[in-house]
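Biologist: Please walk me through selected features of this model, one question at a time.

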Amino acid sequence: MGAHEHPQPPGAAPAADGIGRRRFLGYVLAASTLTVAAELGEAVLAPTSAAAAVPSVPGPAEIYDLNDMLTHATLPTANLITIRVDTDGTASFALPRAEVGQGITTSSAMIVAEELDLPLDKVHVTLAEARPELLFNQLTGGSNTTISTFTPIRVAAAVARGRLLQAAALELGEAVDTLTAKAGIITSTVTGKSIDYGELAEKAAGVTTSQVSVTLKEASEFKVIGTAQRRVDALAAVTGRKTFAMDLHVPGALPAMVCRPPTINGTVRSVDNLAEVRAMPGITDVARISTGVAVRGRTFGQCIDAVRALKVTWGPGTAEDASDDTVQAELRKAELPLPALDLLTKSVDARFTFHFASNSALETNCAVADVRQDSAEIWASLKSPITAQEQIALTLGLPTAAVKVHVTEGGGSFGRKLFHDGAAEAAEISKVMGKPVRLMWHRTDDFRQGRTHPMSISRVRATYALGQVLTYDQRHTSVATDFGHGVGEIITAEAARLPVGDLTFSETIFALTQQTPYNFGVVTQLLSEVDKGFNTGSMRNIYSPNVRCAQELVVDELAKRMGKDPYKFRRTFLKDERARAVLDKVAEVGEWGRSMPAGTAQGIALHPEYHSCVAVLAEIDCRPGTTGRKVPDAYTGPRVTKVVCAVDAGLAVNPRGLEAQMMGGIMDGIAITLSSGLHLDNGHFLEGSWDNYFYTRQWNTPPELEIVVMPPTTSKPGGAGELAVAGAMAAVACAYARATGAMPTTFPINHGEPLGFEPLPTTPPIPASPTDGLDRAF
């Protein structure tokens, strides 16, 4: 496993679109110690065009994408993001985003340390609790955190540094321009006297709030940003000291679990043995709630026993009798038509099916809630905490200010924690029982009643003649994606749930995320959605993995029909030089075109997104029994043996963190291509735990994995959190097609094979084996 980093050389000039020496406005806030805030964010990045025989008009996402929209939505409240310098010489920053393993607490600390000239270990980043005044500025999603907070954090840190220098000038009796700041100490270049930030924290504080002007550092001056740093929370993570929701000790909050229906969103009709279950050892409360029957006990083990013992009569759910086949038929009926085919051109026509996939993270849905008559307090990992606070307050009949929502660190998300299902459920249980609870979903709950990536089909037609692609049309039809979290607050959240509003949201998100990086003449990409009976969500990359996978497979087929090499074909039609550079890099490092045995092959693919671009080269072995690796009997499919990834994410704040994001995205891409999918049967999913949901395991991880971080082509960061998923999925699919000689059209590829596992029973939904139950719950 290797990585290449190409930091901008010292003294290099900033890119043309860089911040340079522009002036920014910030604020010194009235406080006991130095507290500062920022005002301005980044501007939109214009696309780069390239000439071609049949050029394509830039699509919406090439002009103004989802990330631009999210960034611009944060600008009005950017001045509410604050940094505080304390008397111990440390800086504290409450990040209004959710840390779910992507490393943003580390990158944010690096930005503060850089502009404040403070050692990284003296910057303390915590997660802000829900702050309704931030409006759209507390949503974690769309790979937007670093882009939208990069400048506001720098401005706030620069304001703090300027105030500290002014305070030091008064304290030392020196002119400000004779002072230098380094590692939290200000020194006079004339007398050599020095004073540290801690001694100046109170002296630099503002008596009243005032506006000041600052100049940010040039990229060539960076000493922290752009360097590979270990995660600031790494030690806590590997030693088990990292605090998640279930690690919190809230007085009186006892474990709680829910007995859930056998089919998706089923309802409780009656409970036959409430008194009997209430009398079980350790059980304190049993109550009907909107999603099932909740139990509260001294231990989670006792709660599991109680859930198993409940005798519930269930009503039908929202997807009763639905199966993979019925949903696929529904999608086919809703498919938008393609344009008429010109008889003078040739075409590639294909239809791809993408089955439901689970976006359950390693940490199941968890939350702590303490609801009282006139107030409520919630602890959970939430990527849209303002929406959670406002909607929970509405449900409880309390003023928003009476509901305090604390954001805890999360053990993964992949879009799951955009929704506050667990927090809302914990609040409901606490209210009904009149006691604080520590709610944990069982692993099977997450797979069967949790959020899923919706099933979809993608119909593609590309026409070509005389060595040119003339048209590219894609009709993506999907089970409806729930955008009920809105853009981070209750107004857009409620609008997204309206009968017309949800489709408007979906169409907007689709248009602002999907683009074709090739000059393929007249390009159309349209979305149609059906069936709102499922619990869906914005799983990592939303529509992009499926849309990109279909597109890149068609690109390979076009190259084949036109007698071209897949890599050279892509290179010829690319619009953008940044895309061409990452494509060239993976072809070079991955030795594209090298001789390989029959049954093995390379695949190559490209994915642009949010002002970033990634190219992935994957090698696959589709020969049975040739890997020499011990694997479970349940999975005998192809294995990816090598992946090379080249990424241009603009200015990489932490190249090491960027590499980790690419690795995680690659594993996701491998999984959803080859093995990770849900089987829907009679209104429920058959998968119930990780032992029968075949995510990429250690035995299926490519033994050769190389990440190349490209030299920065801009002084601004681009989006990276989801970038590699679509690129990896497409590259693996293309490799599979070349190795087997047949283009795959159903994903995951093993979906139609025998299950390879015995499905857990639907009643009771929690496994009957105590060992299984505990293993899967934790």
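**Sheet, helix and loop**

Modeller: In this predicted model, strand E16 (residues 346-354) and E32 run parallel and are joined by 2 bridges.

Biologist: Which residue in E32 stands opposite phenylalanine 354?

Modeller: E16 and E32 are neighbours in an open sheet of 5 strands with mixed pairing, ordered E25-E24-E23-E16-E32. The residue in E32 that faces phenylalanine 354 is phenylalanine 747.

Biologist: Which strands stand at the edges of the sheet, each with a single partner strand?

Modeller: The strand order is E25-E24-E23-E16-E32. One side of each edge strand is left without a neighbour in the sheet, because each has a single partner; these are strand E25 (522-530) and strand E32 (746-747).

Biologist: How far apart are the end C-alpha atoms of helix H19 (residues 723-740)?

Modeller: Of the 18 residues of H19, 16 are buried. At 1.5 Å a residue, the helix should span 26 Å. The distance between its end C-alpha atoms agrees with this, at 27 Å.

Biologist: Is threonine 696 buried or exposed?

Modeller: Threonine 696 lies in the loop between strand E30 (684-685) and strand E31 (704-709). Its relative accessible area is 9%, and buried means under 20%. Threonine 696 is therefore buried.

Biologist: Which backbone oxygen does the side chain of threonine 696 reach at 2.8 Å?

Modeller: Beyond four places in sequence, threonine 696 touches residues including Met667, Ala671 and Ser676. A polar atom of its side chain lies 3.2 Å from the backbone nitrogen of alanine 671. The backbone oxygen reached at 2.8 Å is that of methionine 667.

Methods
Residues are numbered from 1 along each chain as its sequence is written. This is a predicted model: local features need pLDDT of at least 70, side-chain atom pairs count only at pLDDT 80 or more; totals for chains, interfaces and linings use all residues. Side-chain values use heavy atoms; hydrogens and water are left out. Helices (H or I, at least four residues) and strands (E, at least two) are DSSP runs, numbered from the N terminus. Buried means under 20% relative accessible area, exposed over 50%, partly exposed in between (1.4 Å probe, protein chains only). Contact means heavy atoms within 4.5 Å. A polar contact is a pair of N or O atoms within 3.5 Å; within protein, one must be able to donate a hydrogen and the other to accept it, and residues adjacent in sequence count only if both atoms are side-chain atoms. The expected span of a helix is 1.5 Å times one less than its number of residues. Two strands pair if DSSP finds at least two bridges between them.
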